[in-house]
Amino acid sequence: MVKTSNDLCIVGAGTVGLILAKALSYLPLRFVLVDAKPTPQTQSNRSFVLSMASVRVLKTLGVWTQLEDQAHPITQVTIRAPQRPSVHLRHPEAVLGYVIQERELNQVLWAQLPNITCHLGVVPQRRTRQQL
């Protein structure tokens, strides 16, 4: 086994891990991305609802322009709670958020991380301070 030195290890190559890796890619850090699953998570049929704050993060990271065409705007929301009246949010000129397929988001993130050190199919082992 070859030993390498990294500043950081990101455990999990799902959407959150990929977004963190993209954000850290602008810093002078050496990091590795590990995930127990043997293949990248780019085939999921799940959908995400992105708030406008999440869209701002993706814009800041330079990812949103590649996703915008696949994202579906949310223009109205109904909030229901047991034994309470429903609340309807609608604005004729505003987008409240977006729905996007997880696979589309992850594919764009993977494409923007071509030089990342990644180990898939690996389960990280816990180490105590004494072992380090």
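Let's start on helix 4, where you'll find Gln107. This is a predicted model, and in it Gln107 comes out partly exposed, at 38% relative accessibility. Follow the chain back 89 residues and you reach Leu18, whose C-alpha atom sits 10.0 Å from that of Gln107.

Leu18 belongs to helix 1, and it is one of that helix's buried residues, along with Thr15, Gly17, Ala21, Lys22 and Leu24. Note that a lysine, Lys22, is on that buried list. What do the buried residues of helix 1 pack against? They meet strand 1, strand 2, strand 3 and helix 4.

That brings us to the largest nonpolar core, which has 23 residues. Leu33, Leu58, Val63, Trp64, Leu67 and Ile116 are the ones touching the most other members. Two or more core residues come from each of helix 1 (15-24), strand 2 (31-35), helix 2 (52-60), helix 3 (64-67), strand 7 (97-101) and helix 4 (102-111). Helix 4 is the top contributor, giving four residues.

Ile116 is a good residue to click on here. Once you set aside neighbours within four places in sequence, its contacts are Ala21, Phe31, Leu33 and Trp110. Ala21 in that set is also one of the buried residues of helix 1, and Leu33 is another of the core members that touch the most others.

Ile116 turns up again in the second largest pocket, whose lining also includes Ser25, Leu29, Arg30, Phe31 and Thr117. The stretch Gln112, Leu113, Pro114 and Asn115 helps line this pocket too. The space in the pocket is about 160 Å³. By residue type, the lining splits into five nonpolar, four polar and one charged.

Arg30, from that lining, also takes part in a salt bridge. Its side chain meets that of Asp7, with an N to O distance of 3.8 Å. Arg30 is in the loop between helix 1 and strand 2, while Asp7 is in the segment before strand 1 (8-11), so the pair ties together parts that are 23 residues apart in sequence. Both partners are partly exposed: Arg30 has a relative accessible area of 47%, and Asp7 has 43%.

How many salt bridges does a search of the whole structure find? The count is two, and the other pair is Glu102 with Arg46, where the closest N and O atoms are 3.0 Å apart. Here the link runs from helix 4 to the loop between strand 2 and strand 3 (47-51), so it ties together parts that are 56 residues apart in sequence. Is Glu102 buried or exposed? Glu102 counts as buried because its relative accessibility is 6%, under the 20% cut-off.

Now for strand 5, which holds Val77. The C-alpha atoms of Val77 and Thr117 are 40 Å apart, with their positions 40 residues apart along the chain. Val77 counts as partly exposed, at 28% relative accessibility. Not counting residues up to four places away in sequence, Val77 touches Val87, His88, Leu89 and Leu96.

Between strand 5 (76-79) and strand 6 (87-90) runs a loop, and Gln83 lies in it. Gln83 has a phi near 60°, a positive value in a residue other than glycine. Gln83 also counts as exposed, at 85% relative accessibility.

Definitions and conventions:
Residues numbered from 1 in each chain as written. Predicted model: local features only at pLDDT ≥ 70, side-chain atom pairs only at ≥ 80, totals over all residues. Heavy atoms only, no water. Core = buried A, V, L, I, M, F, W, Y, C linked by side-chain atoms within 4.5 Å. Buried < 20%, exposed > 50% of the residue type's maximum accessible area, 1.4 Å probe, protein only. Contact = heavy atoms within 4.5 Å. Salt bridge = Lys/Arg side-chain N within 4 Å of Asp/Glu carboxyl O. 1 Å grid on protein atoms, 1.4 Å probe; cavity = no way out; pocket = protein on both sides within 12 Å on 5 of 7 lines; lining within 4 Å. Points joined across faces, edges and corners; volume = space filled by probe spheres on them. Nonpolar A, V, L, I, M, F, W, Y, C, P; charged D, E, K, R; others polar.
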